[in-house]
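Hi,

Here is the structure I said I would pass on. Have a look at it first, and my notes follow underneath.

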Amino acid sequence: MKKPLILFLSALGLLSRQAVAQTTPPPAKDPDAVWLIFDHPLDPKQAGKDKQPAAPKPADPAAPTAPAAVATPAPRPAPASPGPSLRSAYSQGSTYVPLDQDIYRLIDRYAIKYGPDSLGDPYTAVRPYHRAGVARLAERTLNDSARAASLSAADRFNAEYLARDNWNYLAQGAALNESKKSFLTYFYRNQSDLFHVQTPDFTLRVNPVVHFQLGKDSDSDGLRYINTRGVQVEGTVDERLGFYTFVADNQMAVPEYVLNRIARDTIVPHEGYWKPFKNNPGQYDFLSARGYLTYAATKHINVQLGHDRNFIGNGYRSLILSDYSAPYFFLKLNTRIWKFNYQNLFAELTADRKEQDQIYPKKYMALHHLSLDVTPTFNVGVFESVMFARGRGRFELQYLNPIIFYRSIEQQVGSEDNAILGLDFKWNILRRGQLYGQVVLDELVVSNVRAGNGWWANKQAFQLGGKYIDVAGIRNLDVQAEFNYIRPYTYQHEDRFRNYQHYRQPLAHPMGANLYELLGIVSYQPLPRLNVVAKAFYVKQGLDLENKDVEAQNYGSNVLKTYNTRVQEYGNTVGQGNTTKLAHLDLTASYQVKHNLWLDAKQIVRRQTGTVEAVGNGTETFASVSLRWNIAQRLHEF
């Protein structure tokens with residue numbers, strides 16, 4: 001009886017092993033594998049490391065057996081809490097890291113040091129970055145044995161921070177993120193989220209948003225403040241569909257130089273609708289709301305529909321598309337295949353803000369950006385955008401073609417839409433530095449460029465910058481320098497429906513045009529939780545002359561104006577008009593008390609001088625302290 005019983009148990013064990021094997025995702029090269037790229041392991045060798053050791057083969061019943069020792073059975077381990085599956089550990093990702101200059105500076109640092117992974121992530125030419133790519137970057141930073149010994153305490157802290165912040169795409173991040181003690185059983189069961197849910201098919205993250213700031217401005221009476229309270233919710237469904245929403249109520253009293261910008265453009269920077277707060281001069285009340293759905297449509301294509309901001313380029317500024325303006329409604333298609341990344345962006349914008357209660361006039365932007373990884377460290381891209389409107393808010397359907405030259409459509413339909421094109425590049429050097437740049441052509445007539453006659457319609461801009469990490473061998477001391485040059489009348493057009501602005505705010509450089517700018521950033525992390533960042537901006541810009549007829553003094557700096565009011569046809573140079581020089585210095589120390597809970601101390605010093613008296617001339621200082629929780633700094637760098 002023993003021999004048949006042993007054979008029966010052996011066969012049952014083999015069948016159970018087959019059943020377990022059927023639940024394992026098929027290998028990436030299997031033609032029957034799930035077609036989504038996030039279902040495939042990055043590296044078959046690495047994926048193999050994640051599998052459980054094979055069960056020992058059953059003993060041959062015919063083989064002689066040694067006397068078995070009597071042993072106490074080992075206790076069964078407690079069931080583990082649900083964690084990221086193998087699929088989600090290598091997921092392309094459905095949600096994105098919110099735009100935050102401080103966090104993106106960290107991500108870019110490790111992208112330079114460790115380069116992209118086998119999927120080319122993080123892909124830094126367009127922002128925001130998807131969370132899964134950042135999670136994989138954190139994992140490589142922590143797990144590479146050849147580099148682990150060289151990690152400073154601050155680097156290890158940063159890598160663990162990025163892993164925790166993107167835990168739902170990384171098993172290691174989920175382990176690092178576990179809380180030692182929850183709050184009221186259901187809250188802060190991990191370090192990064194007030195409340196979270198995780199199942200194999202669904203993740204949910206809920207977090208509070210707080211930004212309290214108090215400051216004193218030398219040119220304003222009373223305290224300057226920010227009072228923001230809100231909530232942030234994000235998650236995934238079936239590892240294909242992602243969702244994100246952010247909503248916050250805000251009251252704010254701004255320094256004098258920001259008040260000058262609001263008075264000029266009748267808009268609160270970075271925001272849409274606003275109203276005075278309790279009729280107090282210089283104080284504003286507004287609601288911030290952003291949100292999107294994103295879907296992994298195919299193995300290589302992601303689709304995003306949302307109301308948010310986007311950014312193109314590797315610089316601190318972008319001359320193509322920046323995150324300065326208010327959020328806008330858009331549809332984005334991103335195709336990542338072979339060495340190419342192709343992004344199509346279709347956006348509905350607000351042409352103007354009216355004081356009365358009415359529907360604000362609409363306009364539209366279609367933009368595509370194609371880049372090629374020439375080598376793993378050198379990337380070059382080209383872009384084209386068109387700004388347009390048709391009566392009563394109608395969309396020009398021909399611009400929906402994702403792979404056509406927009407200028408040809410503009411000619412075919414007989415329009416005078418505002419087409420802009422250009423290129424950008426990035427070159428990572430020896431894992432220690434990066435060179436980057438952009439060239440933008442709003443309009444160009446080569447014969448007039450050769451003539452050097454300063455024709456007003458030769459509207460171009462370019463950027464050149466560099467980053468250097470661990471300067472002079474000092475760990476976590478990084479510098480960045482950048483030069484921006486924008487000719488007069490760049491981004492202007494005949495009317496508000498075709499100029500390069502949204503909700504009365506520039507879509508590229510926040511200061512508009514007719515300028516050149518040199519900026520420098522030094523960041524240092526002397527302690528894992530302490531970041532010190534010093535920024536310096538020097539800008540020479542030609543402003544419009546004051547106390548004159550507004551329609552006759554357009555020197556090409558303000559993108560809200562029509563170029564039909566230009567002062568001259570020829571002889572236009574950068575800095576023409578009321579030539580002003582601005583030095584803006586910012587020193588900020590940020591201490592991370594808990595995950596995404598920051599204390600900031602900031603000192604800003606500005607000095608503006610001009611050939612003619614202008615608003616903002618003189619020296620202004622602003623000192624502030626802040627408490628931030630799950631939100632970026634509110635920056636006014638113009």
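Asp470 has a relative accessibility of 10%, and because the cut-off for buried is under 20%, Asp470 counts as buried. One caveat before going on: this is a predicted model.

Asp470 sits in the loop that runs between strand 16 (459-468) and strand 17 (477-486). Which residues is Asp470 in contact with, once neighbours within four places in sequence are set aside? The list is Arg109, Lys113, Arg432, Arg475, Asn476, Leu477 and Asp478. With Asn476 there is a polar pair to look at: the backbone nitrogen of Asn476 is 2.8 Å from a polar atom of the Asp470 side chain.

Arg109 is the partner I'd zoom in on. The side chains of Asp470 and Arg109 form a salt bridge, at 3.0 Å from N to O. That pair links distant parts of the chain, with Asp470 in the loop between strand 16 and strand 17 and Arg109 in helix 4 (residues 101-114), 361 residues apart. Arg109 is buried too, as its relative accessible area is 3%. The bridge also belongs to a wider set: Arg109, Lys113, Asp155, Asp470 and Asp478 are linked in a network of salt bridges.

Across the whole structure, a search finds 31 salt bridges. Here are two others I looked at.

- Arg634 and Glu271: their closest N and O atoms are 3.1 Å apart. Arg634 lies in the segment after strand 24 (618-629) and Glu271 in the loop between helix 9 (256-265) and strand 6 (275-276), so this salt bridge ties together parts 363 residues apart in sequence. Arg634 is buried at 19% relative accessible area, and Glu271 is buried at 5% relative accessibility.
- Glu569 and Arg566: the closest N and O atoms of this salt bridge are 2.8 Å apart. Glu569 is partly exposed, with a relative accessible area of 36%, and Arg566 also counts as partly exposed, at 22% relative accessibility.

Then there is the surface. Which residues form a nonpolar patch there? They are Ile337, Trp338, Phe340, Leu370, Val382, Leu423, Val439 and Phe462, and together they have about 700 Å² of accessible area. If you want one member to start from, try Leu423, which is in strand 14 (residues 418-429). At 38% relative accessibility, Leu423 counts as partly exposed.

Cheers

Terms used. Residues are numbered from 1 along each chain as its sequence is written. This is a predicted model: local features need pLDDT of at least 70, side-chain atom pairs count only at pLDDT 80 or more; totals for chains, interfaces and linings use all residues. Side-chain values use heavy atoms; hydrogens and water are left out. Patches are made of residues with over 30% relative accessible area and no salt bridge: like charges are joined within 9 Å, nonpolar side chains (Val, Leu, Ile, Met, Phe, Trp, Tyr) within 5 Å. Accessible areas come from the Shrake-Rupley method with a 1.4 Å probe; for residues, only the protein chains shown count as cover. A salt bridge is a side-chain nitrogen of Lys or Arg within 4 Å of a carboxyl oxygen of Asp or Glu. Helices (H or I, at least four residues) and strands (E, at least two) are DSSP runs, numbered from the N terminus. Buried means under 20% relative accessible area, exposed over 50%, partly exposed in between (1.4 Å probe, protein chains only). A polar contact is a pair of N or O atoms within 3.5 Å; within protein, one must be able to donate a hydrogen and the other to accept it, and residues adjacent in sequence count only if both atoms are side-chain atoms. Contact means heavy atoms within 4.5 Å.
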